Amino acid sequence: MPLLVVQNHGLYHLSCVLLVLSILSVNVIGQACMNYGETSPSNASSCLCPPGFGGATCAQPGCGGTIFDGYHRSLAQPSSGFANLTASDCTCESGWGGVGCNVCTASSACQVGYAAVNGNASTTSGLDGQVGLNDTIVCNTAPAVWAAGELSCQVNNPTLEALYPLGSTLNILRTLNGSLSPLHNTSGTLLSPSTSSSIYAQLMYAGVEQFFCTASPCTQTLSNSTTTGSSGNTASSTWTCQNLSCSCIKDATFCGGVPVSNLTTTISGLTGTLVVACDSTNTCHFQQDTINSVFGSQGLSMEGCVFGECVTQAVIDTTNATSSAAATSGGTELSGGVIAGLVIVGAIIAFGLAFIAWGWYVQRAAKKLPFNGGQSGGISVRWSDISYIVQSPKSSPYSLISKSSIRGGKIILDSVSGSIESGQLMAILGPSGAGKTTLVELIAGKTKSGQYTGSITFPPYAPGRRPRVAFVPQSDILPSMLTVREALTFAASLRLPESLPASSKAALVSTVISKLGLDGIAETRIGATDGTGRGISGGEARRVSIGLELVSCPDVLVCDEPTSGLDSVSAFKIVKVLKELAREGGVTVSHQGSHGHRKGVAVICSVHQPSSRLYHTFDSVYLLSNGRALYSGPGGLAPTQYFKHVREGGGAGADILPYEEGYNVADYLLDIASESPDISSMPLDNNAIGETTRSVRSEEKADREEDVEALLSKQNLAQGMYVATFLTQLQVLCGREWKVLKRDKTLFFAHVCVACVLGIFCGGLYYQANFTIAGFQARIGCIFFMGSLIAFSSLSALYNIVEIRPLFLRERSNWYYSPTAWLLSRLIFDVIPLRIIPTITVCTITYWMAGLANDAVHFFKFIFVIVLYTLVMTLFNFLLGTLFRNGGIAILLSALSALYQMTFAGFFVHLASIPPVLRWLQWLCPLKYTLEAISINEVGSGLMINDTLQGVPVHISATLIMQLLFGFGLNNYYRDVLVLFAFIAVFGVAVVAVVWLRVRERR
């Protein structure tokens, strides 16, 4: 029993505490101020309310009366739990209008209302210290605000009206400086906390307040302002406020009263910057990021706006004098993205100008250098114990990455030695696979994939130094669209010093043409040497190949099977020319012409099965068999005598076939090399030479001593360096590309014509896309189609690289130009005429036919992004074309990359719905950034969707549809542009690196 008494006593005290807490909570809730009112300092149970509201919690809008009435103003009475202006049947007094009667329409209304409350009190308290002021209260009905002004607008949006069919009104109090307003001292009225600039806004639906917002601080921007009086004629006023905050009135129609369309979360999420822009057509726009994404870039449109501000004429007069300059400025500041873009473009232009200036300076300095290397020849060749081994293929997968070793390789050359004096013509004979091509390539200094030992010297040059050694390969790789003279001039321009005048180079080219017997075809196009469009014969093409090397004034000329594939007459002409070059030396170049004794040039040729007449043209013969030298000495019948002596000596040589009179000596030597591989190598005998060779060598021997110093000083034409400066290389290459483009018009016109046809097709397919949801999807589909078209059409850039690669390899191996100069020339004359111009053509036709954003700014932003993507895909295909020797593999990878981009661009699949394990691939997709940037550009033009869904009208911004359907970010345009620039930079650097490191001749 006592325990029960104690328990009852404790419950009694607990119930008392709960009762007190409930009473306190009711009082606190009852004292909470709505519409951002503040608790009155003089009465904690009441609130100071913004003009137009009253009641204990500022929840009741004014009903009749004036805004000067303060606490004493009549208020709308609650109906169904909410104060309702419509149900209260409120009527405005004369001179007042707007929902709630807060907007003055006549100056007399302001004067009567103020006098009724304040009597004769001063209305210029905020202008203390100034005399002679006009304190007459006027009504400012312009959009501009001088102190604190009201506006009331009708919200007419089809989508909102479909959901909420009754009338919606937005009332906004804009306070610029509350201390200058006559309302400042009105009892019970709050203009702005701490007298800072602010905005108070309330949305009324069917006379009931739904939600209220505030934002502070604010700035006002005026345009075309000439206001000097009360009414004024300000064209527009834009208020930009920070720290937006909105509150929903619980269970109001917008905020849960209709559960299906509860906007509480959306309204409470309105934050950030608020812009209220009004113009002279009584139209205002309520702008905020979320609102703009739904209703368009102009935000929520409000019509039928009325403006009213009771303000003294003194405030207008004094404020107008200090704000007119700023108010009349209609300009806008550049955004950070635009500034960054301008900085990038300016940096690129500055770098280009600096590069051109530097190139011009270097070029000019090169032209002033003295020319001291005009004469060629007088150089012998010695090779000693040359062995060359190629690594045999291994079955192990590690052989793909492991370094090759000599052990287990195939021997191509086995300790061969030999020599040739200047003025001699040597034939290197041997059956297929004997090592002829390998030997001449090693003498010419070509890069080989195997490993070799031994030494190659060029007396009188010191070991390790090389003279100018020219190499003519088996195949004739020539520029098909140039004439013979143009091809030789091209080589002379790049391989002769810039200090040599152009007239001297032209004279040298003419001399080479005459020496090679090419006068009759000098102005004939070379044509394709593969038989698909030949302009000159095979023999003539071979002589042109020799001429390309002669213009560089070589000291040694090496030819790999110059007679292969030619008839006997053409072959003899080639060898006869080589014989003359060996005897008479190469061409002589100087400012004054040819003077003094010409030194002979050592000419080495690998020959496969020459005729008897051709064989006897050679001064010396070098016979190879399975990589071993069987004979090295004079030509003619001397080899037969040597092998007769070997046969008579017995041993392995006893099996050598005897020579039959009249039989072709070359065929006899090939028979020996093919059928007698066990014959020991012949010792090098430099004294066993014919009379002709001896006379030539004796002639030059007298001059050798005095020429050594001159030979060692020929720095202008040194082997292994670029003779021409970079700017000259670029100029000469661009000149050749321009000639090719002018003469081969099919590729350019094919691209342009196809672009026109595809533009008309695509434009017709999406012709004048409407403003429905389906029409918007068609717009994005049109953009996606153009991006995909660019991705696939850029495959031709890859084919062009694959096609021109052999010519580049030959010219680079002979030090014509640097890879960077070649890439720049390709970029100029491939990208601009074959990529950018067709792309702009197809996209321009499609753009206007499809009815995309109809203004110049958005059109050029669209073209800008398209051109960037074109550069990205062109450089990507350049990279594939240079990275892979097999064009089929490169084309396959390019096509697969295009399909990958189409998948992750965001058109076929929503980016947010991609599984996380694959979602990262979208960041490596250039088409994704292109599609997103152009889509943002399109919706950024103010594109609105006007559609009907199941009878409900839809009038919303295309931005919302873009985000829902594709997941694109609204503010990502400049980010996407910078990412495309990054792709261009990465692919450009990669192409340069690959060309420098991988695209080089390897034999």
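Q: In this predicted model, which residue forms a salt bridge with R826?
A: Since the model is predicted, the distances here are computed from its coordinates. A salt bridge needs a side-chain nitrogen of Lys or Arg within 4 Å of a carboxyl oxygen of Asp or Glu. For R826, the closest N and O atoms are 3.4 Å apart, and the partner is D830.

Q: About how many helical turns separate R826 and D830?
A: Both residues sit in helix α21, which covers residues 819–850. They are 4 residues apart in that helix, so the separation comes to about one helical turn.

Q: Is D830 buried or exposed?
A: The cut-off for buried is under 20% relative accessible area. R826 falls below that at 8%. D830 has a relative accessible area of 1%, so D830 also counts as buried.

Q: Which residues are joined with R826 and D830 into one network?
A: R826 and D830 are both buried, at 8% and 1%. Their salt bridge is part of a network whose salt bridges share partners. Besides R826 and D830, the network takes in E737 and R835.

Q: How many salt bridges does the structure hold?
A: The R826 and D830 pair is one salt bridge, and E441 with K448 is another. The total for the structure is 20.

Q: How far apart are the closest N and O atoms of E441 and K448?
A: Take the surroundings of the two residues as a start: E441 is buried at 4% relative accessibility, and K448 is buried too, at 16%. The two form a salt bridge, and the N to O distance is 2.4 Å.

Q: How many residues apart in sequence are the parts that D619 and R583 tie together?
A: The side chains of D619 and R583 meet in a salt bridge, with 2.7 Å from N to O. D619 lies in the loop between α13 (612–615) and β28 (620–625), while R583 belongs to helix α12 (residues 568–584). So the pair ties together parts whose sequence separation is 36 residues.

Q: Is R583 buried, partly exposed or exposed?
A: Its partner D619 has a relative accessible area of 9%, so D619 is buried. Buried stops at 20% and exposed starts over 50%. R583 comes in at 23%, so R583 counts as partly exposed.

Q: How many disulfides does a search of the whole structure find?
A: One of them joins C110 to C310. Another is formed by C213 and C246, and C248 with C255 makes one as well. Over the whole structure, the search turns up 11.

Q: Which strand holds C310, the partner of C110?
A: The sulfur atoms of C110 and C310 are 2.0 Å apart, and the disulfide is left-handed, with -75° about the S-S bond. The pair links distant parts of the chain, 200 residues apart. C110 is in helix α2 (residues 107–118), and C310 is in residues 300–312, strand β18.

Q: What is the relative accessibility of C310?
A: Buried means under 20% relative accessible area. C110 qualifies at 0%. C310 is buried as well, and its value is 6%.

Q: Is the link of C213 and C246 left-handed or right-handed?
A: These two cysteines form a disulfide with sulfur atoms 2.0 Å apart. The angle about the S-S bond is 110°, and the link is right-handed.

Q: How many residues apart are C213 and C246?
A: C213 is buried at 3% relative accessibility, and C246 is buried at 7%. C213 belongs to strand β13 (residues 208–215) and C246 to strand β15 (residues 236–248). The pair links distant parts of the chain, and the separation is 33 residues.

Q: How far apart are the sulfur atoms of C248 and C255?
A: The link between C248 and C255 is left-handed, with -75° about the S-S bond. C255 is buried at 4% relative accessibility. The S to S distance for this disulfide is 1.7 Å.

Q: Which helix gives the most to the nonpolar patch?
A: The nonpolar surface patch is about 510 Å² and is made by F792, I889, L892, L893, L896 and L899. L892, for one, is found in helix α23. With 5 residues, the biggest giver is the helix of residues 887–904, α23.

Conventions
Residues numbered from 1 in each chain as written. Predicted model: local features only at pLDDT ≥ 70, side-chain atom pairs only at ≥ 80, totals over all residues. Heavy atoms only, no water. Disulfide = S-S within 2.5 Å. Helix = DSSP H or I, 4+ residues; strand = E, 2+ residues; numbered from the N terminus. Buried < 20%, exposed > 50% of the residue type's maximum accessible area, 1.4 Å probe, protein only. Patch = residues over 30% accessible without salt bridge, like charges linked within 9 Å, V, L, I, M, F, W, Y side chains within 5 Å. Areas by Shrake-Rupley, 256 points an atom, 1.4 Å probe, with all protein chains shown as cover.
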